[in-house]
Each structure stands twice: as structure tokens, then as C-alpha cells.
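Hello,

Here is the structure I promised to pass on to you. Have a look at it first, and then read on for what was found in it.

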Amino acid sequence: MGGNLTMSAAAPTASLPATQPRRGLVLDRDGTIIVHVPYLSDPAGVVLLPGVREALQAARDAGVDLFVHSNQSGVGRGMFGLDAVDACNRRMLELLDLGEAPFARICIAPEAPKAPAVYRKPEPRFAQELMRDYGYAPQHLAYIGDRGSDLETAARAGIGGIGVATGLDDLPAELAELGLDKTFPVFASLSEAVEHFLKTPL
Ligand SMILES: [Mg+2]
């Protein structure tokens, strides 16, 4: 099973000066935007991580397009349906309160780990589609996530990656195992990760 659940498809931010290159950030959901509750299927369990709303607002203010890419193997394992994932996403959007469709696309990868991967991270397909559809240069698109697989996705797509130590796992250890610890920085919060991305020269 595999698929891409796109909840919204807003047009790219239209208000950028012509001289500024378009930039995008792909955010992991669990452990990056919201507190990681394994196999979360109940919207009542959605809790934003501290400072996330402000960090995403700062990115938007800087004209950065925002996306979400989330592995949800609970669907492929038959634990819950895409409707439950969708309900949790809606609750997340409600809590974020960043207006209509703050994320231009939300990609849900429902595959179980042993099923053939379509969008499941570290497959780079979603990143490749974003580069194709939005015309990002590789240095202007980055993944932010709390797992090795988030940054492995970035590595396989040849784009930027920024780690956040806000999940359940030891991200520096995971990156070391993947040989990516010298490639991608890890920050203590999403605010710092977004700040790092915004400081990168255009
Ligand atoms: Mg995560």
C-alpha cells in the first residue's frame, strides 16, 4: 500500500520579490511539530511542541513555503485508517492557528516498513516532486526532522537537512550510524532549526 494524501494544494507564496529565490521547508510531523506519540490516531492526543507556531510563522514571514511529510506505518499495519491521520492533522492545524492551509502539501506515507516504499521516508520521491513542481534549487529546499530517516531522505534527494532533538530517539546516534552526522546539524528546538535555515545565504 502506498499513497500521497494531499490535504491542501495552495499556490506557492506569491508575494516574493522577483530577485529572491523560492525556498521551501519540509517538516516531519511526529517529534518535530507535535509531541511524538507512537501510532497516534486520536486527535485528542495531538500536542504542539514548544515554540513551533512561532517558528513556522517566522518561516512564512520570510516567504518560505511549508510542507509536511510524515511516515504513518500504523495505516499499513492495519492499526488505523487514513481518516484517523487526517483527523490528527486537522487538530494540528487547528492548534497551530496559522490561517488557511499553512502547509502547501501534506504527504502521508502509509506503507508498513516491509511493504514496497512509495513515499515512505527515506524514499526521496516527495522531495523530488517538490523540486519539480516548485522549481527549488537543491540548496533552497530542506527537511527538518527528529529521525535519521528524515535526514536520510534529504541526503538521498540531494537537498538540505536539519535535525531537531525533540523526538523520542537519539538523533545524533542515528545520524552517526547513517554516516550523516558530519553532514547535517542538530538543534534543540524547531525555532533554532528554522533560524539556521533562514540564515543560510540565498
Ligand atoms: Mg518524527
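Before the tour, one cut-off will help: a residue counts as buried if 20 or more other C-beta atoms lie within 10 Å of its own, as exposed if 12 or fewer do, and as partly exposed in between. Please also keep in mind that this is a predicted model.

Let me try that cut-off out on Q139. This residue sits in the loop between α4 (125-134) and β4. Q139 has 14 other C-beta atoms within 10 Å, so it is partly exposed. Along the chain, Q139 and G161 are 22 residues apart, while their C-alpha atoms are separated by 9.7 Å.

Now for the sheet. It is an open one, built from 6 strands with parallel pairing, and their order is β3-β2-β1-β4-β5-β6. At the edges you will find β3 (105-109) and β6 (186-187), each of which pairs on one side only.

Strand β2 is a good place to start looking. Is it mostly covered or mostly open? It is mostly covered, with 6 of its 7 residues buried. On one hand, β2 (residues 65-71) is joined to β3 by 5 bridges, and the two run parallel. In that pairing H69 stands opposite C107 of β3, and N71 stands opposite A109 of β3. On the other hand, 4 bridges join β2 to β1, again in parallel. Here G24 is the residue that stands opposite D65 of β2. Between β1 and β2 the chain passes through α1, and this β-α-β crossover is right-handed.

While you are at strand β3, take a look at I106, which has its place there. I106 has 24 other C-beta atoms within 10 Å, and therefore it is buried. For a sense of distance, the C-alpha atoms of I106 and D150 are separated by 15 Å, with these positions 44 residues apart along the chain.

Next, the interior. In soluble globular proteins, nonpolar side chains tend to be buried together. The largest nonpolar core here has 49 residues, and those touching the most other members are L25, L66, A142, I144 and L190. What does A142 touch, leaving aside its neighbours within four places in sequence? It is in contact with L25, A154, I159, G160, G161, I162 and F197.

Two of those names, L190 and F197, lead us to helix α7. The buried residues of α7 (residues 190-199) are L190, A193, V194 and F197. Seen down the helix axis, they fall within an arc of 95°, so they line one face of α7. An α-helix has 3.6 residues a turn, so residues three or four places apart point the same way. The buried residues of α7 are covered by elements that include β1 (24-27), α1 (52-61), β4 (141-145), β5 (160-164) and β6.

Helix α3 (residues 82-96) can be read in a similar manner. How far apart are its end C-alpha atoms? They are 21 Å apart, which agrees with the 21 Å that its 15 residues should span at 1.5 Å a residue. The buried residues in α3 are V85, C88, N89, M92 and L93. Around the axis they cover an arc of only 140°, which puts them on the same side of α3. The exposed residues D83 and E94 are carried on the face turned away from that buried side. Among the elements that cover the buried residues of α3 are α2 (73-76) and β3.

Finally, a few backbone details to look up. Just after α3, D97 takes a positive phi of about 50°. A101, in the loop between α3 and β3, has a phi near 50°, a positive value in a residue other than glycine. A101 has 15 C-beta neighbours inside 10 Å, so it counts as partly exposed. Y39 lies in the loop between β1 and α1, and its phi, near 55°, is positive too although Y39 is not a glycine. With 14 other C-beta atoms within 10 Å, Y39 is partly exposed. Last on the list is the peptide bond from K121 to P122, which is cis with omega near 15°. You will find P122 in the loop between β3 and α4.

Enjoy exploring it!

Best wishes

Definitions and conventions. Residues are numbered from 1 along each chain as its sequence is written. This is a predicted model: local features need pLDDT of at least 70, side-chain atom pairs count only at pLDDT 80 or more; totals for chains, interfaces and linings use all residues. Two strands pair if DSSP finds at least two bridges between them. The arc is that of the directions from the helix axis to the C-beta atoms. Two residues are in contact if their C-beta atoms, placed from the backbone, lie within 7 Å. A crossover is right-handed if, with the strands pointing away from the viewer, the path from the first strand over the helix to the second runs clockwise. A nonpolar core is a set of buried Ala, Val, Leu, Ile, Met, Phe, Trp, Tyr and Cys residues joined through C-beta atoms within 7 Å. The expected span of a helix is 1.5 Å times one less than its number of residues.
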